[in-house]
Amino acid sequence: RAARRGVAMLRAAASVACRGCSGAAASAAAPMGWGAGAGGGSMAAAAARAVQRRSMGAKARRKVDVVLREEIATLGYEGEELRVRPGYARNHLIPKGLAVYATEANRAAFRVELAPEEAAARGRAREVARVRALVEGSEVTVKRAAQESGALYGSVTAEDVAEAWREAGTRLPFGADGVRLPDGATRLKDVGTYQVSLQVGPDEWVGATLVVDKEA
């Protein structure tokens, strides 16, 4: 009886978690064999957790449509309609007057449609601005085996620098070809701190710091 009561409670919890669900999510909350003792209770609990995770994931993926009132280099041009996270719209864009919700009235008043060529050009400029914001002034560390004097047993090349930034979370758009080591060097052979130039656009370079450290 106690086992049956436990299963019933788990069924009720799954029902609450799945309220408003349909299709696969609803059927996942009530698989065959739930009433079969402790094993069924375990299945019920797992299914309830799965339904809750799906519900939370769906909420996280929701976005809202806004129309920008001002150009934001890393986001879009004035009059562009785009989708953003609800919290970003509610807490930043809307209260600061940077955007309005994309209602029919606001679309008619503020939305601007660009020619495809201009929209594509602005999209490229936006991507450059996004990468610049991530890379300019940033610092990345690479570690290499080195002698007590600081001389590396190997070296650090432009390919290594591009890989270091990728591992740090930013893929350089031009890869190793977009890396300039100091003083025209092709490789670094000593531990130290170096100023490197990284290409973020067709004719745009920014400065960043590379630290070459000795492996422990």
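Colleague: Which residues does Gly76 touch, not counting residues up to four places away in sequence?

Modeller: Contacts show what packs around a residue. This is a predicted model. In it, Gly76 touches Leu68, Glu70, Glu71, Leu82 and Arg126.

Colleague: Where is the place of Gly76?

Modeller: Look for the elements on either side. Gly76 sits in the loop between strand E1 (64-68) and strand E2 (81-84).

Colleague: Is Gly76 buried or exposed?

Modeller: Read the relative accessible area. Buried means under 20%. Gly76 has 4%, so Gly76 is buried.

Colleague: How many residues apart in sequence are Gly76 and Ala125?

Modeller: Compare sequence with space. Gly76 and Ala125 are 49 residues apart in sequence. From C-alpha to C-alpha, they are 9.7 Å apart in space.

Colleague: Ala125 lies in helix H6 (residues 116-135). What should the 20 residues of H6 span?

Modeller: Use the rise of 1.5 Å a residue. The 20 residues of H6 should then span 28 Å. The end C-alpha atoms are 29 Å apart, which agrees.

Colleague: Which residues of H6 are buried?

Modeller: List them, then check the side they face. The buried residues of H6 are Val128, Ala129, Val131 and Val135. They cover an arc of only 170° around the axis, so they lie on the same side of H6.

Colleague: What do the buried residues of H6 pack against? And which exposed residues does the face turned away carry?

Modeller: Take each face in turn. The buried residues pack against strand E8 (192-201) and E9. The face turned away from the buried side carries the exposed residues Pro116 and Ala133.

Colleague: What follows H6?

Modeller: Check the backbone angle there. Gly137 follows H6, and its phi is positive, near 75°.

Colleague: E8 and E9 belong to a sheet of 4 strands. What is the order of the strands?

Modeller: Read across the sheet. The order is E4-E9-E8-E6. The sheet is open, with mixed pairing. Strand E4 (139-144) and strand E6 (179-180) each have a single partner strand, so one side of each is left without a neighbour in the sheet.

Colleague: In which sense do E4 and strand E9 (residues 204-214) pair?

Modeller: Follow the bridges. E4 and E9 pair in the parallel sense, over 6 bridges. One residue pair to find is Val140 with its bridge partner Leu210 in E9.

Colleague: How many helices and strands does the protein have?

Modeller: Now step back to the whole chain. The protein has 7 helices and 9 strands. Of its 216 residues, 33% count as buried.

Technical notes
Residues are numbered from 1 along each chain as its sequence is written. This is a predicted model: local features need pLDDT of at least 70, side-chain atom pairs count only at pLDDT 80 or more; totals for chains, interfaces and linings use all residues. Side-chain values use heavy atoms; hydrogens and water are left out. Two strands pair if DSSP finds at least two bridges between them. Helices (H or I, at least four residues) and strands (E, at least two) are DSSP runs, numbered from the N terminus. The expected span of a helix is 1.5 Å times one less than its number of residues. Buried means under 20% relative accessible area, exposed over 50%, partly exposed in between (1.4 Å probe, protein chains only). The arc is that of the directions from the helix axis to the C-beta atoms. Contact means heavy atoms within 4.5 Å.
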